[in-house]
Every structure is written in C-alpha cells, then in structure tokens.
Amino acid sequence: MLAPDRRTQTYCQLAVAFAAVTLPHVRVPLFAALAVVAVALVAGCGSSRTSGAPSPTLQTLSYFPSTAPFVLTVQTDPASAGVKSTRALEQNFPQATLLRTALFARLGQLGIDYNKQVKPLFGNPIAFGLLSAPSSGSQTQFLSAWMTRSQSALAALVRKLGPALKSSGTHDGATLYAVGGGTLAIDGPTVLLGRSPQDVDAALDRHKSGQGISSSQYARLTAGLTGGSLMQMFGDLTHVLSGPGAAKARRVPWVAAIQSYGASINATTGAMTIQFHLDTTGQSLSASQLPLAAGSSPPAVAGHAPIQMGLRDLRQSIQFLEATEQAAEPAQYAKFTQRVGTLRRRTGFDLNTFVATLTGTLQISSDTKTTIGRIGVSNPASVTAMIKKLAAAPSLAFTKDTRIRPLGGGLYSVHEATSPDLTMGVVADQLLLGKASPAQIRAFAKTSATAVPAATGALAFRVALQDLLRLTLKGTPSPAAQQLLNMLGDLTGSVSATASGLDGTATLAVK
C-alpha cells in the first residue's frame with residue numbers, strides 16, 4: 001500500500017485528470033469538472049502551507065457576496081487536522097489502488113507533470129457556492145474560487161490547457177476566458193469560475209472593494225463548529241426568508257428568528273462526523289416557541305430494527321406544529337379546530353386532554369416495512385377509555401372510509417382503504433401505534449431502551465446502515481459493493497434546541 005502522502009497525491013492527480021479531459025472537449029461545463037476537483041481535494045494534496053501566508057480562506061471568500069445562501073469550502077492543506085484525519089480514514093478503503101492505477105495511465109496520456117504543474121497549486125481551501133437562491137425559470141448563479149499556492153504554476157497549467165481556453169478580455173486586472181457554458185478568470189494566483197461574465201466580473205469587483213464575505217461574518221457563520229474541519233458548508237438565510245414566498249413562514253417566530261446556518265465534516269480513523277448549527281438569534285425566542293424541547297438530557301432509543309429514534313417531550317413538538325399551522329395557515333387551522341370540536345361533542349374524545357397524558361420519550365423503531373412508535377402515558381385506563389371513544393367515530397379522527405375494530409388485549413386495528421392497516425392501543429403504561437401486527441406491537445412494548453453514544457438534546461437516533469441497506473437493496477450486492485457494506489457501522493447522532501439555535505451531530509462509524 002502507498003505511504004500516506006503518496007496515497008493522497010493519487011486523489012489529486014485523478015481530479016486533475018478529470019479536469020484536463022473535460023477542458024479540451026468542452027462538452028461538459030467546467031463547473032462540473034471543478035466540482036470533481038473539490039471532492040477529490042478531500043484527500044488533501046500538495047505541499048504544506050508556508051508560514052506568513054495571508055488568510056487564504058478569507059481571500060477566497062472575499063469573492064462571494066455576504067448574502068450567499070450556500071458556500072462549500074474544502075481544505076487542501078495536508079498539514080491541516082482535517083486532511084490528516086481523512087488520511088487515516090482513507091486507509092480503510094483499498095479501492096484507492098484502482099483509482100491510482102487509472103490515474104497514472106491517464107495523466108501520462110495528457111502529458112501533465114504532476115510535480116511541476118499540479119502539486120505546487122495545492123495547500124489553500126477551494127470554495128464553491130451559490131450567489132443567490134435558485135428560482136423557478138432561471139439558471140442557478142454559481143461561483144467557484146480557489147486561491148492557489150503558486151501563481152507561476154497556475155499560469156503554466158493554463159498555458160498547457162491553452163487550446164481549450166478562449167480569451168474574452170480582462171477585468172480588474174484578471175484575464176477572462178470563455179470555457180464551455182461558463183466564464184473562467186485568472187486573477188494572479190486565484191482561479192474563478194462562474195456561469196456568466198457578469199457573475200465573474202461582480203466577484204472580482206467584490207474582492208477588490210472588500211465587499212465579499214468578511215472575517216466577522218465568516219466567524220458568525222461557522223460559530224460552534226469544530227475548527228480545522230475537512231469541509232465546511234454555510235450560508236446566510238435572511239435574504240432567502242425575506243422574500244414574498246416566505247411571508248407565511250415568517251409568521252412563525254422560530255422561522256423569523258433564523259439568520260444563517262453552518263455545517264462541517266470531519267474524519268477520524270474509524271468514523272466520519274457531520275456537525276451543524278442553525279442560528280436563530282434574529283429575534284428573542286421563548287422555550288415554548290422551539291420545535292424541540294430545550295435541555296441537554298438525551299432520550300434513549302428502543303427496538304431491534306435498523307432505524308431507531310427517540311424524542312423527548314413529544315408534547316412540545318406537537319404544540320409547536322399546532323402554533324405553526326395557526327400562524328402560517330390560519331384558515332386550515334380553523335378547520336382543524338372545528339373538526340376537533342365536532343369529535344369532542346359527538347364522542348367525548350378531547351384531543352388536548354389526550355395529548356396532556358403523553359409522558360416521557362417517544363421511541364420509534366423501523367425497518368421501512370414495519371414501523372412502531374411508543375410513548376408513556378400518565379393514566380393508562382383513561383387513555384384506553386379515550387381510544388374506545390375514538391373508535392366510535394373513526395371518520396371524524398381519520399378519513400371518511402376509516403374503520404377501527406378491537407383486537408383484544410387493549411389493541412385496535414385501524415383500516416383505511418388506501419393505506420396499510422395500523423395497530424394501536426395501550427400496553428401496560430405505554431401507548432403504541434404502528435404499521436405492524438399485534439404480536440410485533442406487544443414485543444416492542446417490552447423492549448428495553450438504550451442510550452445513544454455522545455447524544456445530547458431532545459432528539460437522538462441510531463441507524464444500522466449496513467442492515468438497512470441490505471434490506472432495501474434489490475438483488476445480491478456485487479463483491480465490491482459487499483466489501484463496502486462490510487465497512488459501514490452505525491450512524492448515530494442527536495439534535496438539541498436553544499433560543500439561539502439548533503445544534504446537531506451525525507457520526508458514521510467505519511470498520
């Protein structure tokens with residue numbers, strides 16, 4: 001097996017091969033090739049950064065507008081923590097040898113000297129982003145920017161690709177080229193790519209005038225994320241949410257408080273972790289206005305199915321959904337309350353009283369075919385009596401063709417003509433509902449709960465990804481696919497809510 005430095009170089013070489021193949025034929029927009037480069041750079045190619053280098057991340061981000069709804073940066077410095085940890089994870093994937101073999105053959109055909117023309121470029125992060133939110137009927141405005149480590153090496157590579165590049169003038173000292181369906185600009189050591197000349201010109205102007213993403217904004221967008229991340233994604237949402245299409249959503253205090261978001265991807269020897277933060281500091285929020293219950297105490301999960309989820313204080317989330325519909329869709333909410341009132345008058349079933357009896361954690365277990373949920377109830381006898389009342393007028397609670405019949409032992413079957421049958425009822429001190437048989441319902445009621453490692457907040461989950469994929473894949477996996485499946489461990493994570501935002505993590509174990 002190759003040494004770590006050599007292995008990471010092969011990924012970079014493969015990316016360059018893709019880009020070099022695309023440019024001469026210009027049958028595929030260059031932004032697609034650069035997207036491949038961005039993904040390949042995850043391995044971290046090139047030489048380490050020299051001391052005294054000027055803020056390469058901020059230099060790169062200065063080409064993007066402060067209102068950009070999405071920006072992705074990929075670290076390429078092999079001395080960074082993110083790249084070093086990715087090298088350790090990459091050792092678990094022997095398929096890299098196949099990529100290396102194909103790469104060497106292709107680079108030789110293209111006449112590209114990696115050490116002289118490619119390796120000197122790497123070291124600083126590459127960024128790709130959207131300049132505005134996509135809208136119907138218009139092309140997406142995108143920008144890719146990369147401040148390379150060597151202006152002379154970049155110039156040499158441009159000369160190498162000369163036949164594919166058609167000069168279209170200059171702007172702010174940068175040389176512009178028309179390439180396929182986009183515009184390329186070389187601004188000293190920096191290479192830019194946009195859909196149109198206007199987008200690239202605007203990016204150059206922002207950089208020159210200092211009107212792009214600033215250091216303070218970058219710090220705010222990535223607040224709470226682990227430093228030295230392999231990849232970061234972030235964006236401003238205030239501009240998106242200020243449009244007329246979001247007017248109804250802004251009636252919900254929590255939505256109106258959203259400012260921005262940030263996420264990061266990191267790798268270790270045995271896992272890959274995604275971390276995210278949604279900023280809701282746009283206005284003051286109370287605990288009752290949050291979509292999830294506040295607090296760091298995590299819920300446990302239960303069951304033996306591949307998908308397991310736990311939600312603490314279901315009543316908080318139900319009340320949030322009701323308040324959301326009342327604010328955003330008052331007419332629909334009025335119809336809902338009218339229906340609830342009719343149900344109460346005709347049967348005596350009171351929805352608010354029913355919800356008030358729900359206690360503890362909602363736990364869901366699913367293999368995509370059988371799905372069951374359970375939650376504790378404060379008064380099992382009262383809940384059982386309320387379900388009997390509900391069974392007397394099922395069309396008021398569900399659809400017109402719904403039928404509910406008793407199964408014995410406190411369980412009922414809910415039948416709808418267009419949906420699979422559900423089983424619901426009270427077992428001991430729990431309310432259960434699921435697309436499952438009575439035996440499966442009773443078995444799940446007895447299943448013990450387990451904690452999710454490192455979980456915090458009101459929502460926690462565990463997904464046995466290997467088992468889930470085996471259940472959902474059609475046919476027998478190929479030997480290569482089976483090898484990959486065997487490497488996958490559990491996907492675990494959690495989400496917590498505060499007045500200042502939502503924070504979450506998801507970790508995929510790799511064997």
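In this predicted model, the buried residues of helix H12 are Leu314, Gln316, Ser317, Phe320 and Ala328. They cover an arc of only 160 degrees around the axis, which places them on the same side of H12. The helix itself comprises the 15 residues 314-328, and at 1.5 Å a residue these should span 21 Å; the end C-alpha atoms are indeed 21 Å apart, in agreement with that expectation. As for its surroundings, the buried residues of H12 pack against two helices, H11 (253-256) and H13 (330-347), and also against the strands E12 (307-312), E13 (358-366) and E14 (371-377).

Aromatic contacts come next. A search of the whole structure finds 6 aromatic pairs. In one of them, the rings of Tyr218 and Phe234 have their centres 5.6 Å apart and their planes at 65 degrees; an angle over 60 counts as edge-to-face, so this pair belongs to that class. Tyr218 lies in helix H9 (residues 215-221) and Phe234 in strand E8 (residues 231-236), so the contact ties together parts that are 16 residues apart in sequence. Both Tyr218 and Phe234 are buried.

A tilted aromatic pair is formed by Tyr333 and Phe336, with 6.0 Å from centre to centre and 40 degrees between the planes. These two residues are 3 apart in helix H13, and therefore about one helical turn separates them. It helps to recall that an α-helix has 3.6 residues a turn, so residues three or four places apart point the same way. The two partners of this pair fall into separate accessibility classes: Tyr333 is buried, with a relative accessible area of 16%, whereas Phe336, at 30% relative accessibility, counts as partly exposed. An aromatic ring also takes part in a contact with a charge: the charged end of Arg374 sits over the ring of Phe444, 4.9 Å from its centre.

Strand E8, which carries Phe234, is mostly covered, with 5 of its 6 residues buried. E8 pairs in the antiparallel sense with strand E1 (residues 70-74) over 4 bridges, and here Phe234 is the bridge partner of Val71. Phe234 thus has a part both in the aromatic pair with Tyr218 and in the pairing of E8 with E1. E8 also pairs with strand E9 (residues 260-268), again in the antiparallel sense, over 6 bridges. In that pairing, Asp236 stands opposite Ser260 of E9.

Definitions and conventions. Residues are numbered from 1 along each chain as its sequence is written. This is a predicted model: local features need pLDDT of at least 70, side-chain atom pairs count only at pLDDT 80 or more; totals for chains, interfaces and linings use all residues. Side-chain values use heavy atoms; hydrogens and water are left out. The expected span of a helix is 1.5 Å times one less than its number of residues. Buried means under 20% relative accessible area, exposed over 50%, partly exposed in between (1.4 Å probe, protein chains only). The arc is that of the directions from the helix axis to the C-beta atoms. Contact means heavy atoms within 4.5 Å. Rings of Phe, Tyr and Trp (its six-membered ring) pair if their centres lie within 6.5 Å; planes under 30 degrees apart count as stacked, over 60 as edge-to-face and the rest as tilted. A charge sits over a ring if NZ of Lys or CZ of Arg is within 6 Å of the ring centre and within 35 degrees of the ring normal. Two strands pair if DSSP finds at least two bridges between them.
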